[in-house]
Amino acid sequence: MSYLDNILFAILLIVGFGFFAASVKKIIRNINLGVDVDRKDNPKARWKNMALIALGQSKMVRRPVAGILHIFVYVGFIIINIELLEIIIDGLFGTHRVFAPYLGVVYDVLIASFEILAILVIVSVTVFWLRRNFIRLKRFIHSDLTGFPKSDANYILYFETVLMILFLLMNASDLHLQNVPGGYSHFHKAGSYPISQFIAPIFNGTSNEVVGLLFEVFWWLHIVGILVFMNYLYFSKHLHILLAFPNTYFANLKPEGQFDNLASVTNEVKLMMDPNADPFAAAPSADENAAPAKFGASDVQDLNWVQLLNAYTCTECGRCTSSCPANQTGKKLSPRKIMMDTRDRLTEVGKNIDANKGVFVPDNKSLLNDYITPEELWACTSCNACVEECPVNISPLSIIMDMRRYLVMEQSAAPMSLNAMMTNIENNGAPWQYSQQDRLNWKNEN
Amino acid sequence: MSESLVVPTMAEMLAEGKQPEVLFWVGCAGSFDDRAKKITKAFVRILNRTNVSFAVLGTEESCTGDPAKRAGNEFLFQMQAMMNIEVLNAYEAKKIVTACPHCFNTLKNEYPELGGNYEVIHHTEFLKSLIDNGRLTVEGGQFKGKKITFHDPCYLGRANKVYEAPRDLIQKLDVELVEMKRSKANGLCCGAGGAQMFKDAEPGNKEVNVLRTEDALEAKPDIIAAGCPFCNTMLTDGIKHAHKEGEVKVMDVAELIANAQDL
């Protein structure tokens, strides 16, 4: 009988982790649809970024209320996962609180801290829910967040609350049975329960058998809930709990103002400026099969893999959008939407590949126009406020710039006034129509 | 104001077999925009007064390519960059100072990969170094006791993390430096960057410069200090929009220093 439990549990684990592994594989494949960019330099600075920003949450506390509450939930998540290890061992081997005899007082401290964190998580998540649904902070009722993204945010909060309540109920029923005079079944004395000791009295007057059964129900629902939640990540903005780590590791280390110089352009410009270059020479034939270079990005495959990782990492908090000067003045641009659109399009491209045996079949759609309009792209002031704000170092700006490059260099689709500015630079070396010969006239003017 | 400006060019310097201590990159706004030209001249007056050996490229200078790059025209940017780099390298330029954060950022960060390696500093950093090593002394003068707020240019602040040099300079003037509610890393853009200066804004409910000017006016300053010719234009327009031109002035940090010394 008890073996049946263990086998069922093992199957559940295998199925849960199996599906999750398949999702992770798909995410990695999709991220690798992006073009290569070298982000392996300076590992020391990268580890430091990851430790400070992802592990240490240093950018979260720029907004203290959300920042501190988020740290409760985050620490709760990390620490309570230690308990998960015990739950898995107990489940597989039919033991009960297997660590308790080995850890002694440490075990009491651990369980006590899990309980305190669990209640902090419930409090924080409740405040988060109120901020979204009752206080209705501007960035949470923004037009970016309609339909699934809005529900997604609430589902996550409900999930976390239910998991924490189940965890506390599980402990409470356990504690109730531990305190049965003379002991009951395998519920030996273990752990310290600062929170669930106040819940345990609800079981007074209920028979030990029923409480034992309830314990089993809470225990199973809790672990099944965790497995379901883990598999929900793939569909959710909540992926950030995992991807924040690689995302901060691979983030840009250069000054925010430094935009990359397109190497494909450098080669052409050098050739153009080389007086010895033969204008009639045949194009270099080194790799004839290589696709002709496309300047800028019109779809997700033109972006680099870090930008695609950014898109999966974004948890749609909207700090970027709330700090964006264009968005604050009513323009359509929202840096958060840039990231959400990129992820949605990437998911769509991924599904296309799945449906067509591993090959992308053109679907007459693209990130540009079908998701992101030129109007949004042209509203950007390149001020880097979004990049600075992002708690996990996502750069919506780099995607905006790559898409502008496509508009200008592939489609000549810049606004008229910008074309005039660029013509001026080309003709007279200044964005306005002044002759280069007059550059020093200011010296003699009064 | 009476003394005329001494502005040698790199070509003149080379003809005399001299290499200046620093090359002053004037930039397009500093060369052509009427308001920005005043900033250029104020900076030159300080350079002249402190006997800094400097030179400009004059008619050999050309747009760094910043607005083209931010508009998405990487071709035009790299053409400009490579032409400028050829000129700068021909003169063996080592150290460049500029009063424009856009030129500053581009020269400093985007030119090295294309073959242009120079020590590039913003004019506020340069002025601070003059004070630090005793070549320039500053007293409050006409600004003593005034309330001044500093608007962080995006390409100086967030983009390159230069927050303190302009503030240190302002504080030398015996003034009350007041911060806007969002400043330094949280500073709000003036609305000009990313080539916005050269186009109309997309439809919205407000201009960015008006919003930023509201930030500044909330701090109730006598003067809004800027460190960028484009921010200067945007904020000056914002002040006009708020009908405050009689009460609040927008001035570059170099102008504050020069005027305090009655230069």
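Domain bounds here come from an automatic or database domain assignment. With that in hand, let's look at this predicted model, starting inside chain A and then moving on to where chain A meets chain B.

**Two domains in chain A**

Chain A is split into domain 1, covering 2-31 + 63-249, and domain 2, covering 263-274 + 293-434. So how far apart are the C-alpha centres of these domains of chain A? They lie 39 Å apart. The domains do touch, though: 21 residues of domain 1 of chain A are in contact with 22 residues of domain 2 of chain A.

Who does the touching on the domain 1 side? Two elements of chain A give two or more residues each: helix H1 (2-31) and helix H8 (240-249). H8(A) gives the most, with six residues.

**Where chain A meets chain B**

Now for the two chains. Their contact takes 55 residues from chain A and 56 residues from chain B. On the chain B side, the helices that each supply at least two residues are H2 (27-32), H3 (34-49), H4 (66-71), H5 (74-90), H6 (101-110) and H9 (208-218) of chain B. Which of the elements gives the most to this side of chain B? That's H5(B), with seven residues.

**What the two sides are made of**

Here is the make-up of the two sides we've just met.

| Side | Nonpolar | Polar | Charged |
|---|---|---|---|
| Domain 1 of chain A, touching domain 2 of chain A | nine residues | six residues | six residues |
| Chain B, touching chain A | 24 residues | 18 residues | 14 residues |

How values were computed
Residues are numbered from 1 along each chain as its sequence is written. Chains are lettered from A and ligands numbered from 1 in the order in which they are written. This is a predicted model: local features need pLDDT of at least 70, side-chain atom pairs count only at pLDDT 80 or more; totals for chains, interfaces and linings use all residues. Two residues are in contact if their C-beta atoms, placed from the backbone, lie within 7 Å. Helices (H or I, at least four residues) and strands (E, at least two) are DSSP runs, numbered from the N terminus. Ala, Val, Leu, Ile, Met, Phe, Trp, Tyr, Cys and Pro count as nonpolar, Asp, Glu, Lys and Arg as charged, and the others, Gly among them, as polar.
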